[in-house]
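Ready for a few warm-up exercises? Take a look at what is shown below, then work along.

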Amino acid sequence: MQTLTSRKRDPHREAVFRKKIADTLNKCSVPKFFVDKRSVRDHVGILVNRHKKKLKDEEKALGITPEKPSELDLAFDTIIALEESADAEVHDTDSAKKEKIESDRAKAEGIRLKAMEKLSETRKGESTCASEEDNSKNKRRRGSNAILYLSQRAELNYELKREEIDIRK
């Protein structure tokens, strides 16, 4: 009964329905069967749902003692228990996967923020140094600086010319 240990609509479960149950029924010669995996799956589902409904009705009924369970009832109880345990296992694994994905996502987000923080700090540091240099370069020069430079240059030229004149004499 490995069919019920996997979740519903799982390819493995479908293969087991087809290979084991449907093939076994098709091989029977006394009551001749011709079934496929879908019909077997549907009939098993219908029978299980009927049994579940019967159990609910027995629980609701007051003052009635249920009959001794037959072999078929015990088989349906086993099928129901296996389906419920498979669903619980699938739910546990899904929740574990979701938790792992969330933790990985949170870790990645933390790493991204750390990287962006470092990048922004370096950019901020570069931008403050660059902005100081840019401010000095882009700063509008005043006319007094130019006049001071020209006056120093004129004095230097005057002295050089005086020396040349002195050398010629």
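Here come some exercises, each with a worked solution.

This is a predicted model, in which local features need pLDDT of at least 70 and side-chain atom pairs count only at pLDDT 80 or more, while totals for chains, interfaces and linings use all residues. Residues are numbered from 1 along each chain as its sequence is written, and side-chain values use heavy atoms, with hydrogens and water left out.

**Exercise 1. Work out which secondary structure elements make up the chain.**

Step one: count the elements, taking helices as DSSP runs of H or I with at least four residues and strands as runs of E with at least two, numbered from the N terminus. You get four helices and zero strands.

Step two: read along the sequence, and the pattern is α-α-α-α.

**Exercise 2. Compare the reach of helix α2 with the expected value, then find buried residues in it.**

Step one: α2 covers residues 37-60, which is 24 residues. The expected span is 1.5 Å times one less than the number of residues, and for α2 that comes to 34 Å.

Step two: from first C-alpha to last, α2 reaches 35 Å, close to that expectation.

Step three: look for buried residues (under 20% relative accessible area; exposed is over 50%, partly exposed in between, with a 1.4 Å probe and protein chains only). In α2, S39, V40, V48 and H51 fit the bill. For the chain of 169 residues, 12% count as buried.

**Exercise 3. Find salt bridges in helix α3 and say how far apart the partners sit along the sequence.**

Step one: recall that side chains of opposite charge can pair when their charged atoms come close. The cut-off for a salt bridge is a side-chain nitrogen of Lys or Arg within 4 Å of a carboxyl oxygen of Asp or Glu. The structure holds four of them.

Step two: start with D104 and K100, whose closest N and O atoms are 3.6 Å apart. Both lie in α3 (residues 71-138), four residues apart, or about one turn. D104 is partly exposed at 37%, whereas K100 is exposed at 55%.

Step three: move on to E102 and R105, bridged at 3.1 Å, N to O. They are three residues apart in α3, so about one helical turn separates them. E102 is partly exposed at 45%.

Step four: E109 and R112 form another bridge, at 2.9 Å between the closest N and O atoms. These two are also three residues apart in α3, and E109 is partly exposed at 38%.

Step five: why does such spacing suit a pair? An α-helix has 3.6 residues a turn, so residues three or four places apart point the same way.
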